[in-house]
Amino acid sequence: MSRESILAAIKNNQPDHQALPDLDAFRRPDTGDPAAFKKVVEALGGQVFEISSYTEIQALIAEHYTDLNKVVAIQDSYLPGAATQWETGDGRQLEDVDLAIIPGQFGVAENGAIWITENEVKVRVLPFITQHLAVVVAAKDILATMHDAYEERIARPESGFGVFIAGPSKTADIEQSLVLGAHGAKSLTVFLYTPKP
Amino acid sequence: MEHQHKEHALLAEDFNANEPRVNWHDETLWWIRQKRDKIAWSIPEWEELREAASRIKHNVLGNLHDYLLEFERKAQENGAIVHWAADAAEHNKIVLQLLQEQGVKRMVKSKSMLTEECHLNPYLDEHGIEVIDTDLGERIVQLAKEPPSHIVLPCIHKKKEEIGELFHEHLGTPAGNADPKFLTAAARQHLRKEFIQSRVAITGVNFAVAETGEMVVCTNEGNADMGAHLADVHIACMGIEKIIPQRKHLGVFLRLLARSATGQPITTYSSHFRSPKAGQQLHIVLVDNGRSRQLGREDFRNSLKCIRCGACMNTCPVYRRSGGHSYHNAIAGPIGAILAPNLDMKEYADLPFASTLCGSCSNVCPVKIDIHQQLYKWRQVITQEGYAKKTKAAGMHAMNIVLSKPGIYKTAGGVGRWVMRTFPAVVNNGMNPWFKQREMPAPPKQSFADWYKKNRPE
Amino acid sequence: MKVGLFIPCYIDQFYPQVGIATLSLLEKLGCDVVYPQGQTCCGQPMANSGFEHLTHGCNELFVNHFENFDYIVAPSGSCVLHIKDHLHVDGKEQAATHIRQRIYELAEFLTDVLKVDNLKAKFPHKVGVHQACHGQRGLGLAQMSELVAAPFSKPQQLLNMVEGLELIELKRADECCGFGGTFCVFEEAVSVKMGKDRIADHVNNGAEYITGNDVSCLMHLEGILRRQKSNVKVLHIAEILNSI
C-alpha cells in the first residue's frame, strides 16, 4: 500500500524541524476601516450601500436591479416577500435564482473579502449559483487584515464550509480583459449596516 | 533514445518566428508583473510576509510526515475519504475507479495543476470518460487540444480572435465575434449546463490545513464551487506539499497568493472545504509523484514550498519571450524548470539551461524559493549525471584546458584575435550562433595583459 | 592599500580599453594596483554551463594570483559574483575565503571601500544604465525592482558625479539583457530578442550611450547595435568615470 511507503520516504527525507514564525507583528490593534473596505470592494467591481436599517434594502434593490424574478433572502427582514421553500433540494433548485441576499459574518478591509459560511446560507451553492449576490455586513464587523480575521474570528472552523468572497465572479482569461460574471454571481452588492444610535 | 519533442531552445526559436506576437506576449505578462509590483508596494510589510511564508513552509517540510497524518486524521473525522497515490499512474487509477463506481461518463474539473502533471484527462479519455475543464482559460486550451501554457493564465498565449473561432466551432457562437465579454458569457452558459448535469466534480487544492483537515481552493471564476457544491461526489486532488500547519497560516498565504499571481488583493473566492455537504462523498487524493524524493534533495527541497502563483513566470524575461509550451512540461517557467528534472532528468535536461540566471524569479517568489540558484545547481547535477549534450561537454573541456593553463590561454587568445582580424569569415558565419543576429566584438591588436607589460614595466 | 586587478578573460582579449580605464581610475584614486600576469578566468563560463567540476584549475590559478592582496577589484559584477559564491580550493581554503571576502566589483569598491564622493570626470552625454543582473541581484549594487525596499544604485551614485552626464529613465529599470553566458549561443533566439528589447528601451528614452558594470552584457548589446547600424554606443562604467 502506497500510504506507508510514501510516509516512510517522507520521514526519511524530511529536513530538521524549524520553528514556526510568530505572526503577531502582522496584526493591527485598531479595527478595520469601513471606508477602506468599501473602496476595495468597489475596486473589485462590487457596489456598496451604507444603510442604517434593513428596511432600506428593499428600495435600493428596486432602484438598482431590473428583471428580478426569483429572489432568495436569508432573513425575512432583508426583503419581505422573497422566495420561500428554496432550501429543499441538492442545490440545483437554485438554478433560476436571480438574486440572493445573505448575511456576511465580517469583512476584511485590506482586500474586501467577506466571510460567509454554510451555517448562514444553508445551501452551499447559493452564493455562487445566484445570478446576483448581495451581502449584508455590519460596519462594526470590518477587520483590518486577514491575520485579524483568522485569529480573532475564525481561529476554529464552525461549519463544514466557509468562504471569503471578494467582489463578483470574474475572469481575465481572454487576453487579460477583465470580464465580470464568469461562473459565479455576475454582480456583488454589499449593504454595510450601521444601526442608528 | 531521441527526444520525442524539440528542446526548449528550438521551441523558443519557433515561438520567436513571429516577433510582433512575442512582443504582445511579453507586454501582456509584463503588465501583470507591474500589477504585482504595485500591490506589493501597498503592503509595507511585504518582505516580512514573504519571509514568514517561507519559514512556515520550511516548518512544513521538516514535519511533513506528522502533518500529513494529522491532516488525514482530521479529514477522516470530518467525513472525508483519504487516498494515497505514490505516482501519477496510481492517482489516475484511483480517480478512474471512483468515477466508475459512480458510473459517470462525463464530469467537471476545476483547475488543478496536479491533474495536468499526472495527465489525468487523456487517461480518463482513454477509459471513455470525458472531463470538462471549467476554468475558462483551461476550457479554451482544452477545446484547442493544447496543454495550458501558464499555471494561472492557461491560455495567455491565445489571441481573442483565435478563441472566437474555437467558440464558433465548438459552442456555436457567431463567426467573427471575438469580444471577451461576449465569449465569456457564452462560456458561462455552456458550462452552467455542465455544472448542473455533473454528478462528480474534481477540484485542485491550494492549501490543506493539518490542524483542521480542511482544504482551501481559490478561484476568481467560482468554477470550483459550482462544481463541488452541485456534485454528489467531490474529488479533491492534491500534492502532499500543499499541507500547512494551522488555520491562521492561511492569513499569510492568502495575503500573498493573489497579489503575487495577478496583482489582486485576494481571489474572488477562497473556499474552505471541511466536510462533505449532507449526502455528498468527499474524496481527497494525496499524491507523492516524486515529491518525497525531492524532499530528500537538500539543494532542491525548497522547490516544494511553491504555492503555484506563477509570479516567476510573469517576471521571467525568457518565459515571456519563449511561451509556456516551450518548456514541454505541465508547469512551465522557472519553477517548472526546477521541478521537472526531479520527475525525469533526461526528458527535462534542457530546462535548467533555459535561463540567464538573472534572479528576478527568486525576488518575486512569495515563499522565497531560491529558484535561480536551484537552476544553477540542476545544471551541475544534470551534467554530472551524464545528460549534457556531447558537443557541449567537448567544448567545455576544451575551454577548461585553455583557461586553466596561462600559457595556452595567452597563445590561444593571441591566435584567436589574429584569426578574427585576418579571416573574419572563419568566425562570422552561419555556423556561429552569436553572429546570426549580432556582430562579433572588433578584435584589438593587443590584449590587456600585453598592454600592461609594456606600460607598467616592473 | 594593495589592490590586485582582476581583468576577466574576455575583457583581456576583446576590451583591453576597459582594463586600462579601470587601472587608470584606481591609480588616480591613489590605489597601489598590481595586475598579476598569467591570470585567465574565474571559471564561470564552465560553471554556469553545468561544468563547475571542471573549474578546479581556474580556481587554483585564481588563488595563486590573488591571495596576497588586501583587495581584489574587477570591472565585472558577474565574474566577481562567481568568485564570491564559488571559489574553493582544497588545501587553500583560507586563502580562498580571504579572496571571496575581499573581492569587489569596481563600482562598489569605489563607493564602499574608497568612499569616493567626487570624481574629476566629464561626459556630456545622455546615458542609459544597464543594470547587469549578477551585479545588481547577486552583489546588491542597486535596489531590485521586485523588492519592496528603498531605492539606491551604486553605479548611478558614481555616474551622478560625472560632469555633464544626463542619466535617462528606462521603462523597465532592471530587466535582463539576455546575455546569460553560454545562454547567448545555446538559446540564441531568446537571447537576441531580449537584447533587442533592452536596446529599444534605451533608444526610445534617448540614450546616446549604454553603460554598465558588466562587459559581457555590453558586448552582447553592442553586437546587436552594430548589426542594427545604430549610432548608440556602449561603454563600460570605468570608461565614463575615467573620461576627462
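The following points concern the contact between chains A and B, one strand of chain B and one buried residue in a predicted model.

1. Interface. In this predicted model, 59 residues of chain A are in contact with 68 residues of chain B. The chain B side of this contact comprises 29 nonpolar, 22 polar and 17 charged residues.

2. Strand pairing between the chains. Strand E8 of chain A (residues 161-165) and strand E9 of chain B (residues 269-273) run antiparallel and are joined by five bridges. Within this pairing, Phe161(A) stands opposite Phe273(B), and Ile165(A) stands opposite Tyr269(B).

3. Strand pairing within chain B. E9(B) is also joined by five bridges to strand E6 of chain B (residues 214-219), and these two strands run antiparallel. Here Ser271(B) has Val217(B) opposite.

4. Burial of E9(B). Five of the five residues of E9(B) are buried. Both faces of the strand are covered: one side carries Tyr269(B), Ser271(B) and Phe273(B), the other Ser270(B) and His272(B). Phe273(B) and Tyr269(B), which are buried, are thus also residues that stand opposite Phe161(A) and Ile165(A), respectively.

5. Phe167(B). This residue belongs to helix H9 of chain B (residues 160-171). Is Phe167(B) buried or exposed? Phe167(B) is buried because 24 other C-beta atoms lie within 10 Å, the threshold for burial being 20 or more. Leaving aside neighbours within four places in sequence, Phe167(B) is in contact with Thr173(B), Leu183(B) and Ala186(B). Asn177(B) lies ten residues from Phe167(B) along the chain, and their C-alpha atoms are separated by 9.2 Å.

Conventions. Residues numbered from 1 in each chain as written. Chains lettered and ligands numbered in written order. Predicted model: local features only at pLDDT ≥ 70, side-chain atom pairs only at ≥ 80, totals over all residues. Contact = placed C-beta atoms within 7 Å. Nonpolar A, V, L, I, M, F, W, Y, C, P; charged D, E, K, R; others polar. Pairing = 2+ DSSP bridges. Helix = DSSP H or I, 4+ residues; strand = E, 2+ residues; numbered from the N terminus. Buried ≥ 20, exposed ≤ 12 C-beta atoms within 10 Å, placed from the backbone.
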